[in-house]
Amino acid sequence: MPKTARPRANPVILLHGWPYDIHRYVDVAPALAAEGYRVIVPFLRGYGTTTFRSPDTFRNGQQSVVARDIIALMDALNIPKAVIGGFDWGSRTAGIIAALWPERCQALVAVSGYLITNLQANLKPLPPEAEYGWWYQYYFATERGVAGYRQNTHDFNKLIWKTASPKWNFVDATYDRTASAFNNPDHVAVVVHNYRWRLSLANGEPQYDTLEQRLSAMPVITVPTITIASDFDGAAIDGTSYRNKFSGKYSHRILTGIGHNLPQEAPEKFTNAVVDADNL
């Protein structure tokens, strides 16, 4: 564990992705708390104990909305600024906050680098091997896929864990602790909309168009940042493809032998990255 440069009272917000939950940070959060940080690990919408106030509210999973949720949480907790870290959806969300609301982001830790989605660019096909890795997006694009995910959520997401982190030998109890978060009645709707929206197969909500237009310009992130790549990132592991998207103090780290669930597979290294990003 690194020595900190000054006494800590800084808040840290850690964000999970799909199909994961707040337990990704079960080891990271207490380690950061021991360093003096105030650590907040929220469920994203559609996971765990989150609820919508009205049954008529659209179950929106588009990228700007998830980020706006975290800004609203910070406002509710009276947190003007925080170190923000995440992976998967959480990394994208943290990056969006750093890009659109840099005054709210002390520093950024982003697994897999720059993940902000440009819908037009996302229409371009990838090489077959890369497309194969995103098979579930196309499954969710069909009504059969929605029905299949709803009926088999537990086993479906366990398969994703295994394929995304092939060297992580997690036990059933570890998975089942997280799987309860998928019982949220809004989970399937939010997840399906997220992936359909990314493929331009579902519309977002008009009130977020301005935010999405800003994101479509792929804004440069100016806050101090550490990006982390693992085996999951394949050819992008060296970080060169997104290096020019970060103009502030910056460091890139490569972890080999680690899969997608990096905060739980390598908690000490993720913890170190948070502390080090705050000290850049």
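Strands β3 and β4 (residues 105-111) pair in the parallel sense through 5 bridges. Within this pairing, Gly-86 stands opposite Ala-110 of β4. The connection between the two strands passes through helix α3 (residues 89-100), and the resulting β-α-β crossover is right-handed. The model described here is predicted.

**Strand β3 and its partners**

Strand β3 covers residues 82-86, and 5 of its 5 residues are buried. Ala-82, Ile-84 and Gly-86 point one way from the strand, while Val-83 and Gly-85 point the other way. In a regular strand, side chains alternate between the two faces of the sheet. In β3 the residues of both sets are buried. Besides β4, strand β1 (residues 11-15) is joined to β3, in this case by 4 bridges, and these two strands also run parallel. Leu-14 has Gly-85 of β3 as its bridge partner.

**Helices α2 and α3**

The lengths of the two helices may be set against the spans expected at 1.5 Å a residue.

| Helix | Residues | Number of residues | End-to-end C-alpha distance | Expected span |
|---|---|---|---|---|
| α2 | 63-76 | 14 residues | 20 Å | 20 Å |
| α3 | 89-100 | 12 residues | 16 Å | 16 Å |

For α3, the distance between the end C-alpha atoms agrees with the expected value, and for α2 the reach is close to it.

Helix α3 is mostly covered, with 12 of its 12 residues buried. Among them are Trp-89, Arg-92, Ala-94, Gly-95 and Ala-98. These buried residues pack against β1, α2, β3, β4, α9 and α10.

In α2, the buried residues are Gln-63, Ser-64, Val-65, Val-66, Ala-67, Ile-70, Ile-71 and Met-74. An α-helix has 3.6 residues a turn, so residues three or four places apart point the same way. The elements that cover the buried residues of α2 include β1, β3, α3, α9 (187-198) and α10 (209-216). Just after the helix, Asn-78 takes a positive phi of about 60 degrees.

**Ser-64: a polar residue in α2**

Ser-64 lies in helix α2. Its relative accessible area is 0%, and the residue is therefore classed as buried. The side chains of Ser-64 and Glu-212 are joined by a polar contact of 2.6 Å. Leaving out residues up to four places away in sequence, Ser-64 touches Tyr-208, Leu-211, Glu-212 and Leu-215.

**The nonpolar core**

The largest nonpolar core contains 79 residues, and those with the most contacts inside it are Trp-18, Ile-84, Leu-108 and Phe-270. Helix α3 gives the most to this core, with 7 residues. Leu-108 touches Ile-84, and its other contacts beyond four places in sequence include Ala-94, Gly-95, Ala-98, Ile-221, Val-223, Phe-246 and Ala-277.

**Tyr-138: a partly exposed residue**

Tyr-138 is located in helix α5 (residues 135-140). With a relative accessible area of 38%, Tyr-138 is partly exposed, because this class lies between the limits of 20% for buried and 50% for exposed. Apart from neighbours within four places in sequence, Tyr-138 is in contact with Glu-131 and Leu-199. Tyr-138 and Leu-199 are 61 residues apart in sequence, and their C-alpha atoms are 8.9 Å apart in space.

How values were computed: Residues numbered from 1 in each chain as written. Predicted model: local features only at pLDDT ≥ 70, side-chain atom pairs only at ≥ 80, totals over all residues. Heavy atoms only, no water. Buried < 20%, exposed > 50% of the residue type's maximum accessible area, 1.4 Å probe, protein only. Pairing = 2+ DSSP bridges. Right-handed = clockwise from strand over helix to strand, strands pointing away. Expected span 1.5 Å × (residues − 1). Contact = heavy atoms within 4.5 Å. Core = buried A, V, L, I, M, F, W, Y, C linked by side-chain atoms within 4.5 Å. Polar contact = N/O pair within 3.5 Å; in protein donor to acceptor, adjacent residues only side chain to side chain.
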